[in-house]
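Me: I'm new to this structure and would like a close look at a single part of it. Could you walk me through the salt bridges and the residues around them?

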Amino acid sequence: MLVIKLYAYAFLGEFILLYPVYTLLFADAGVSVAEASVLFVIWSVTGMVLEVPSGAWADTVSRRLLLFLGPLLAGAGYALWVSVPSFWAFAAGFVLWGAQGALVSGSYEALAYEELQRRGQEGRYAAVMGRAEAAGLVANALAIGLAVPAFAAGGYAVVGAASVAACVLCAVTALTLPEHRAPRPAGEEGYLAVLRSGLAVARADRAVLRALLLVAVVTAIWGALEEYIPFLGLEAGVAESAVPLLVLVVWIGATAGGLLAGVAARLPDRAYGLTVAAAAVALAAGALSGHPAGFVLIAGAFGAFQLAGVVADARLQERIGGAARATVTSVAGLGMNVVTLVVYAGYGAVSGRLSNGAAFALFAVPYVVVAVLAGRRERAVAQ
(Lines give C-alpha, C1' and ligand atoms only; values in the text may rest on other atoms or scores of the structure.)
Protein backbone atom coordinates (compact mmCIF):
# COMPACT_ATOMS: atom_id res chain seq x y z
CA MET A 1 0.00 0.00 0.00
CA LEU A 2 2.93 2.38 0.62
CA VAL A 3 3.87 2.63 -3.05
CA ILE A 4 0.24 3.05 -4.16
CA LYS A 5 -0.12 5.99 -1.78
CA LEU A 6 3.15 7.49 -3.03
CA TYR A 7 1.89 7.22 -6.62
CA ALA A 8 -1.46 8.75 -5.66
CA TYR A 9 0.29 11.66 -3.98
CA ALA A 10 2.50 12.27 -7.03
CA PHE A 11 -0.52 12.06 -9.36
CA LEU A 12 -2.74 14.43 -7.39
CA GLY A 13 0.09 16.92 -6.95
CA GLU A 14 0.27 17.36 -10.73
CA PHE A 15 -3.44 17.00 -11.56
CA ILE A 16 -3.93 20.77 -11.62
CA LEU A 17 -6.30 21.97 -14.34
CA LEU A 18 -5.19 25.55 -13.77
CA TYR A 19 -1.66 24.85 -15.08
CA PRO A 20 -2.48 25.16 -18.81
CA VAL A 21 -4.54 28.35 -18.45
CA TYR A 22 -3.03 30.40 -15.65
CA THR A 23 -1.03 32.54 -18.08
CA LEU A 24 -4.34 33.37 -19.79
CA LEU A 25 -5.72 34.35 -16.39
CA PHE A 26 -2.78 36.71 -15.93
CA ALA A 27 -3.33 38.26 -19.35
CA ASP A 28 -7.05 38.70 -18.74
CA ALA A 29 -6.25 40.45 -15.47
CA GLY A 30 -4.03 42.92 -17.31
CA VAL A 31 -0.66 41.51 -16.28
CA SER A 32 2.04 42.44 -18.79
CA VAL A 33 4.80 40.13 -20.01
CA ALA A 34 7.30 42.03 -17.86
CA GLU A 35 5.09 41.66 -14.79
CA ALA A 36 4.64 37.95 -15.54
CA SER A 37 8.42 37.60 -15.59
CA VAL A 38 8.56 39.24 -12.16
CA LEU A 39 5.99 36.73 -10.91
CA PHE A 40 8.08 33.82 -12.18
CA VAL A 41 11.14 35.25 -10.43
CA ILE A 42 9.15 35.54 -7.18
CA TRP A 43 8.14 31.91 -7.56
CA SER A 44 11.70 30.72 -8.18
CA VAL A 45 13.29 32.79 -5.43
CA THR A 46 10.69 31.65 -2.87
CA GLY A 47 11.48 28.02 -3.62
CA MET A 48 15.22 28.59 -3.46
CA VAL A 49 15.10 30.49 -0.16
CA LEU A 50 12.84 27.94 1.57
CA GLU A 51 14.26 24.74 0.05
CA VAL A 52 16.96 23.82 2.58
CA PRO A 53 15.29 25.29 5.71
CA SER A 54 12.14 23.30 4.95
CA GLY A 55 14.22 20.14 4.56
CA ALA A 56 15.68 20.64 8.02
CA TRP A 57 12.16 21.26 9.34
CA ALA A 58 11.05 17.94 7.85
CA ASP A 59 13.94 16.18 9.59
CA THR A 60 13.12 17.91 12.87
CA VAL A 61 9.32 17.59 12.95
CA SER A 62 7.56 15.29 10.47
CA ARG A 63 7.93 14.66 6.76
CA ARG A 64 4.28 13.61 6.57
CA LEU A 65 3.23 16.92 8.15
CA LEU A 66 5.06 18.90 5.48
CA LEU A 67 3.64 16.71 2.73
CA PHE A 68 0.19 17.54 4.15
CA LEU A 69 0.77 21.29 4.44
CA GLY A 70 2.40 21.75 1.03
CA PRO A 71 -0.64 21.02 -1.19
CA LEU A 72 -2.88 23.11 1.07
CA LEU A 73 -0.60 26.12 0.57
CA ALA A 74 -0.67 25.64 -3.21
CA GLY A 75 -4.46 25.22 -3.16
CA ALA A 76 -4.82 28.44 -1.19
CA GLY A 77 -2.72 30.21 -3.81
CA TYR A 78 -4.84 28.90 -6.68
CA ALA A 79 -8.03 29.95 -4.86
CA LEU A 80 -6.56 33.42 -4.38
CA TRP A 81 -5.76 33.73 -8.07
CA VAL A 82 -9.28 32.87 -9.18
CA SER A 83 -11.05 34.84 -6.44
CA VAL A 84 -9.20 38.16 -6.73
CA PRO A 85 -7.18 38.12 -9.96
CA SER A 86 -4.59 40.90 -9.70
CA PHE A 87 -0.83 41.25 -9.75
CA TRP A 88 -0.46 41.18 -5.96
CA ALA A 89 -2.80 38.20 -5.63
CA PHE A 90 -0.76 36.37 -8.25
CA ALA A 91 2.44 37.29 -6.41
CA ALA A 92 1.05 35.95 -3.12
CA GLY A 93 -0.10 32.79 -4.90
CA PHE A 94 3.37 32.21 -6.32
CA VAL A 95 4.87 32.62 -2.86
CA LEU A 96 2.48 29.94 -1.59
CA TRP A 97 3.19 27.73 -4.60
CA GLY A 98 6.95 28.16 -4.12
CA ALA A 99 6.56 27.26 -0.44
CA GLN A 100 4.64 24.14 -1.43
CA GLY A 101 7.45 23.01 -3.70
CA ALA A 102 10.03 23.57 -0.97
CA LEU A 103 8.01 21.69 1.66
CA VAL A 104 7.47 18.67 -0.56
CA SER A 105 10.98 18.56 -2.04
CA GLY A 106 13.20 16.45 0.19
CA SER A 107 10.35 15.38 2.46
CA TYR A 108 8.80 13.11 -0.20
CA GLU A 109 12.06 11.39 -1.13
CA ALA A 110 13.23 11.00 2.47
CA LEU A 111 9.95 9.50 3.66
CA ALA A 112 9.77 7.14 0.67
CA TYR A 113 13.35 5.89 1.05
CA GLU A 114 13.22 5.36 4.81
CA GLU A 115 9.85 3.61 4.73
CA LEU A 116 11.09 1.30 1.99
CA GLN A 117 14.30 0.79 3.96
CA ARG A 118 12.30 -0.14 7.07
CA ARG A 119 10.65 -2.86 5.00
CA GLY A 120 14.01 -4.04 3.62
CA GLN A 121 12.99 -2.81 0.16
CA GLU A 122 15.29 0.17 -0.35
CA GLY A 123 16.48 -1.51 -3.56
CA ARG A 124 13.06 -0.69 -5.05
CA TYR A 125 13.49 3.04 -4.48
CA ALA A 126 14.57 3.90 -8.04
CA ALA A 127 11.69 1.91 -9.55
CA VAL A 128 9.15 3.49 -7.17
CA MET A 129 10.40 7.04 -7.77
CA GLY A 130 10.52 6.47 -11.52
CA ARG A 131 6.90 5.33 -11.53
CA ALA A 132 5.94 8.25 -9.29
CA GLU A 133 7.53 10.63 -11.81
CA ALA A 134 5.58 8.87 -14.56
CA ALA A 135 2.36 9.21 -12.55
CA GLY A 136 2.97 12.94 -12.27
CA LEU A 137 3.52 13.24 -16.02
CA VAL A 138 0.33 11.30 -16.74
CA ALA A 139 -1.60 13.54 -14.34
CA ASN A 140 -0.21 16.63 -16.01
CA ALA A 141 -1.24 15.38 -19.45
CA LEU A 142 -4.74 14.50 -18.24
CA ALA A 143 -5.07 17.92 -16.61
CA ILE A 144 -4.14 19.60 -19.89
CA GLY A 145 -6.71 17.52 -21.75
CA LEU A 146 -9.50 18.15 -19.23
CA ALA A 147 -8.74 21.85 -18.83
CA VAL A 148 -10.17 22.66 -22.25
CA PRO A 149 -13.72 21.32 -21.70
CA ALA A 150 -13.70 22.43 -18.04
CA PHE A 151 -12.71 25.96 -19.01
CA ALA A 152 -15.35 26.02 -21.75
CA ALA A 153 -17.99 24.89 -19.27
CA GLY A 154 -17.26 27.26 -16.40
CA GLY A 155 -14.20 29.38 -17.04
CA TYR A 156 -11.55 30.04 -14.42
CA ALA A 157 -13.94 29.29 -11.55
CA VAL A 158 -14.32 25.65 -12.59
CA VAL A 159 -10.64 24.95 -13.35
CA GLY A 160 -9.71 26.76 -10.15
CA ALA A 161 -12.14 24.75 -8.04
CA ALA A 162 -10.91 21.49 -9.61
CA SER A 163 -7.32 22.47 -8.88
CA VAL A 164 -8.07 23.29 -5.24
CA ALA A 165 -9.94 19.98 -4.89
CA ALA A 166 -6.92 18.09 -6.24
CA CYS A 167 -4.70 19.85 -3.70
CA VAL A 168 -7.03 18.94 -0.82
CA LEU A 169 -7.13 15.30 -1.94
CA CYS A 170 -3.34 15.32 -2.22
CA ALA A 171 -3.06 16.63 1.36
CA VAL A 172 -5.49 13.98 2.61
CA THR A 173 -3.41 11.31 0.85
CA ALA A 174 -0.34 12.56 2.73
CA LEU A 175 -2.07 11.80 6.05
CA THR A 176 -2.41 8.15 5.02
CA LEU A 177 1.33 7.74 4.44
CA PRO A 178 3.20 5.79 7.13
CA GLU A 179 6.06 7.46 8.97
CA HIS A 180 8.32 5.62 11.39
CA ARG A 181 11.11 7.90 12.57
CA ALA A 182 14.16 6.58 14.40
CA PRO A 183 15.16 8.61 17.49
CA ARG A 184 17.74 11.26 16.63
CA PRO A 185 21.18 11.01 18.24
CA ALA A 186 21.84 13.14 21.30
CA GLY A 187 22.80 16.65 20.30
CA GLU A 188 20.75 16.56 17.09
CA GLU A 189 17.33 17.22 18.63
CA GLY A 190 16.98 20.86 17.62
CA TYR A 191 16.23 22.43 14.27
CA LEU A 192 19.56 24.27 13.99
CA ALA A 193 21.49 21.14 14.96
CA VAL A 194 19.77 19.13 12.22
CA LEU A 195 20.31 21.93 9.70
CA ARG A 196 24.02 22.11 10.55
CA SER A 197 24.32 18.34 10.41
CA GLY A 198 22.71 18.09 6.97
CA LEU A 199 24.78 20.91 5.50
CA ALA A 200 27.94 19.37 6.95
CA VAL A 201 27.18 16.03 5.29
CA ALA A 202 26.48 17.73 1.95
CA ARG A 203 29.71 19.72 2.17
CA ALA A 204 32.18 17.28 3.70
CA ASP A 205 31.21 13.88 2.29
CA ARG A 206 32.64 13.78 -1.25
CA ALA A 207 30.42 10.87 -2.31
CA VAL A 208 27.32 12.75 -1.19
CA LEU A 209 28.50 16.01 -2.76
CA ARG A 210 29.16 14.25 -6.07
CA ALA A 211 25.71 12.66 -5.98
CA LEU A 212 24.11 16.03 -5.17
CA LEU A 213 25.76 17.68 -8.16
CA LEU A 214 24.76 14.77 -10.40
CA VAL A 215 21.10 15.01 -9.39
CA ALA A 216 21.04 18.78 -9.92
CA VAL A 217 22.68 18.82 -13.35
CA VAL A 218 21.08 15.72 -14.87
CA THR A 219 17.56 16.61 -13.75
CA ALA A 220 17.46 20.37 -14.21
CA ILE A 221 18.83 20.90 -17.71
CA TRP A 222 16.33 18.80 -19.65
CA GLY A 223 13.54 20.00 -17.37
CA ALA A 224 14.31 23.59 -18.37
CA LEU A 225 14.76 22.77 -22.06
CA GLU A 226 11.32 21.14 -22.11
CA GLU A 227 9.78 24.61 -21.88
CA TYR A 228 11.32 25.53 -25.25
CA ILE A 229 10.05 22.50 -27.18
CA PRO A 230 7.21 24.51 -28.83
CA PHE A 231 9.71 27.09 -30.15
CA LEU A 232 11.89 24.29 -31.53
CA GLY A 233 8.84 22.75 -33.22
CA LEU A 234 7.86 26.01 -34.91
CA GLU A 235 11.44 26.43 -36.09
CA ALA A 236 11.25 22.96 -37.65
CA GLY A 237 8.30 24.11 -39.76
CA VAL A 238 5.54 22.44 -37.75
CA ALA A 239 2.15 24.17 -37.81
CA GLU A 240 1.04 25.72 -34.52
CA SER A 241 -1.87 23.30 -34.32
CA ALA A 242 0.55 20.34 -34.47
CA VAL A 243 2.97 21.59 -31.82
CA PRO A 244 1.04 19.88 -28.98
CA LEU A 245 1.65 16.56 -30.77
CA LEU A 246 5.39 17.13 -30.55
CA VAL A 247 5.04 17.96 -26.87
CA LEU A 248 3.10 14.71 -26.48
CA VAL A 249 5.89 12.72 -28.17
CA VAL A 250 8.46 14.21 -25.79
CA TRP A 251 6.14 13.56 -22.84
CA ILE A 252 5.85 9.89 -23.83
CA GLY A 253 9.63 9.61 -23.92
CA ALA A 254 10.03 11.14 -20.46
CA THR A 255 7.31 8.88 -19.05
CA ALA A 256 8.99 5.78 -20.49
CA GLY A 257 12.26 6.86 -18.89
CA GLY A 258 10.63 7.04 -15.48
CA LEU A 259 9.11 3.60 -15.87
CA LEU A 260 12.50 2.11 -16.80
CA ALA A 261 14.39 3.68 -13.90
CA GLY A 262 14.11 0.56 -11.75
CA VAL A 263 15.96 -1.51 -14.35
CA ALA A 264 18.57 1.20 -14.87
CA ALA A 265 19.33 1.40 -11.15
CA ARG A 266 21.57 -1.65 -11.56
CA LEU A 267 23.73 -0.05 -14.25
CA PRO A 268 27.44 0.25 -13.41
CA ASP A 269 28.90 3.74 -13.56
CA ARG A 270 30.40 3.26 -17.02
CA ALA A 271 27.11 2.06 -18.51
CA TYR A 272 25.35 4.94 -16.75
CA GLY A 273 27.79 7.39 -18.30
CA LEU A 274 27.39 5.86 -21.76
CA THR A 275 23.60 6.16 -21.42
CA VAL A 276 23.87 9.85 -20.60
CA ALA A 277 26.37 10.41 -23.42
CA ALA A 278 24.14 8.64 -25.96
CA ALA A 279 21.19 10.75 -24.82
CA ALA A 280 23.24 13.93 -25.23
CA VAL A 281 24.14 12.94 -28.80
CA ALA A 282 20.50 12.10 -29.54
CA LEU A 283 19.35 15.45 -28.14
CA ALA A 284 21.82 17.42 -30.24
CA ALA A 285 21.12 15.39 -33.38
CA GLY A 286 17.36 15.65 -33.02
CA ALA A 287 17.45 19.38 -32.35
CA LEU A 288 19.86 20.14 -35.19
CA SER A 289 17.97 17.99 -37.71
CA GLY A 290 15.44 20.74 -38.32
CA HIS A 291 12.87 18.04 -39.07
CA PRO A 292 9.81 16.93 -37.05
CA ALA A 293 11.18 13.35 -37.04
CA GLY A 294 14.03 14.67 -34.91
CA PHE A 295 11.63 14.94 -31.99
CA VAL A 296 11.67 11.17 -31.70
CA LEU A 297 15.38 11.43 -30.87
CA ILE A 298 14.66 14.25 -28.43
CA ALA A 299 11.95 12.16 -26.76
CA GLY A 300 14.43 9.30 -26.38
CA ALA A 301 17.01 11.68 -24.94
CA PHE A 302 14.56 13.15 -22.44
CA GLY A 303 13.53 9.64 -21.42
CA ALA A 304 17.17 8.72 -20.79
CA PHE A 305 17.72 11.92 -18.80
CA GLN A 306 14.60 11.23 -16.72
CA LEU A 307 15.89 7.73 -16.07
CA ALA A 308 19.37 9.03 -15.21
CA GLY A 309 17.95 11.64 -12.83
CA VAL A 310 15.93 9.06 -10.89
CA VAL A 311 18.96 6.75 -10.67
CA ALA A 312 21.12 9.65 -9.47
CA ASP A 313 18.58 10.41 -6.75
CA ALA A 314 18.53 6.74 -5.70
CA ARG A 315 22.32 6.70 -5.42
CA LEU A 316 22.20 9.90 -3.39
CA GLN A 317 19.73 8.35 -0.94
CA GLU A 318 22.02 5.32 -0.56
CA ARG A 319 24.91 7.59 0.43
CA ILE A 320 23.05 9.71 3.00
CA GLY A 321 23.43 8.63 6.60
CA GLY A 322 22.15 10.08 9.84
CA ALA A 323 18.91 11.85 10.62
CA ALA A 324 19.19 14.73 8.14
CA ARG A 325 18.09 12.93 4.97
CA ALA A 326 15.45 15.49 3.96
CA THR A 327 17.90 18.34 4.58
CA VAL A 328 20.56 16.82 2.34
CA THR A 329 17.99 15.97 -0.34
CA SER A 330 16.75 19.56 -0.22
CA VAL A 331 20.27 20.71 -1.05
CA ALA A 332 19.88 18.75 -4.29
CA GLY A 333 16.58 20.56 -4.83
CA LEU A 334 18.30 23.89 -4.32
CA GLY A 335 20.94 22.86 -6.84
CA MET A 336 18.24 21.99 -9.37
CA ASN A 337 16.65 25.41 -8.91
CA VAL A 338 19.99 27.14 -9.47
CA VAL A 339 20.84 25.10 -12.58
CA THR A 340 17.34 25.68 -13.96
CA LEU A 341 17.73 29.44 -13.59
CA VAL A 342 21.15 29.27 -15.24
CA VAL A 343 19.67 27.39 -18.21
CA TYR A 344 16.82 29.89 -18.54
CA ALA A 345 19.23 32.82 -18.41
CA GLY A 346 21.69 31.14 -20.78
CA TYR A 347 19.00 30.20 -23.28
CA GLY A 348 17.70 33.73 -23.25
CA ALA A 349 21.22 35.09 -23.79
CA VAL A 350 21.95 32.91 -26.84
CA SER A 351 18.46 32.98 -28.33
CA GLY A 352 19.19 36.03 -30.44
CA ARG A 353 22.48 34.61 -31.73
CA LEU A 354 21.73 30.92 -32.22
CA SER A 355 18.82 28.96 -33.61
CA ASN A 356 16.73 26.98 -31.15
CA GLY A 357 18.26 23.78 -32.51
CA ALA A 358 21.78 25.07 -31.90
CA ALA A 359 20.81 26.20 -28.39
CA PHE A 360 19.49 22.71 -27.56
CA ALA A 361 22.72 21.20 -28.88
CA LEU A 362 24.75 23.63 -26.77
CA PHE A 363 22.96 22.58 -23.59
CA ALA A 364 23.60 18.93 -24.44
CA VAL A 365 27.32 19.53 -23.80
CA PRO A 366 27.06 19.43 -19.96
CA TYR A 367 25.63 15.94 -20.25
CA VAL A 368 28.76 14.82 -22.10
CA VAL A 369 30.81 16.16 -19.18
CA VAL A 370 28.61 14.21 -16.75
CA ALA A 371 29.11 11.05 -18.80
CA VAL A 372 32.91 11.45 -18.78
CA LEU A 373 33.02 12.07 -15.03
CA ALA A 374 30.85 9.00 -14.37
CA GLY A 375 33.27 6.83 -16.36
CA ARG A 376 36.27 8.29 -14.56
CA ARG A 377 34.67 7.52 -11.21
CA GLU A 378 34.37 3.84 -12.08
CA ARG A 379 38.00 3.67 -13.18
CA ALA A 380 39.08 5.39 -9.96
CA VAL A 381 37.15 2.88 -7.86
CA ALA A 382 38.67 -0.01 -9.84
CA GLN A 383 42.20 1.26 -9.15
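Reply: Here is a quick overall picture, followed by a closer look at the salt bridges.

First, the ground rules. This is a predicted model, with local features needing pLDDT of at least 70 and side-chain atom pairs counting only at pLDDT 80 or more, while totals for chains, interfaces and linings use all residues. Residues are numbered from 1 along each chain as its sequence is written, and side-chain values use heavy atoms, with hydrogens and water left out.

Now the setting. The chain has 17 helices and zero strands; helices (H or I, at least four residues) and strands (E, at least two) are DSSP runs, numbered from the N terminus. The chain's radius of gyration is 20 Å, close to the 21 Å that the globule rule gives for 383 residues, so the chain is as compact as a globular protein of that length. That radius is taken over C-alpha atoms, and the rule is 2.2 Å times the number of residues to the power 0.38. Along its principal axes, the C-alpha trace spans about 60 × 50 × 35 Å. Buried residues account for 50% of the 383, where buried means under 20% relative accessible area, exposed over 50%, and partly exposed in between (1.4 Å probe, protein chains only).

On to the charges. The chain carries 22 positive and 22 negative side chains, with the centres of the two sets 10 Å apart. Here Lys and Arg count as positive and Asp and Glu as negative, leaving out His and the chain ends; each charge is placed at NZ of Lys, CZ of Arg, CG of Asp or CD of Glu. Searching the whole structure turns up six salt bridges, a salt bridge being a side-chain nitrogen of Lys or Arg within 4 Å of a carboxyl oxygen of Asp or Glu.

Let's start with Arg315, which pairs with Asp269, their closest N and O atoms being 3.1 Å apart. Arg315 sits in helix H14 (residues 294–319) and Asp269 in helix H13 (residues 269–288), so this pair ties together parts that are 46 residues apart in sequence. Arg315 and Asp269 are buried.

Next comes a group that hangs together: Asp59, Arg63, Glu114 and Arg325 are joined into one network by salt bridges that share partners. One of the links runs between Asp59 and Arg63, at 2.5 Å from N to O. Asp59 is buried, at 0% relative accessible area, and Arg63 is buried too, at 2%. Glu114 belongs to helix H6 and counts as buried because its relative accessibility is 18%. Leaving aside residues up to four places away in sequence, Glu114 touches Arg63 and Arg325, where a contact means heavy atoms within 4.5 Å.

Helix H6 has another pair to look at. Arg118 and Glu115 form a salt bridge of 3.5 Å, N to O. They are three residues apart in H6 (residues 107–118), so about one helical turn separates them. What about exposure here? Arg118 is partly exposed at 47% relative accessibility, whereas Glu115 is buried at 2%.
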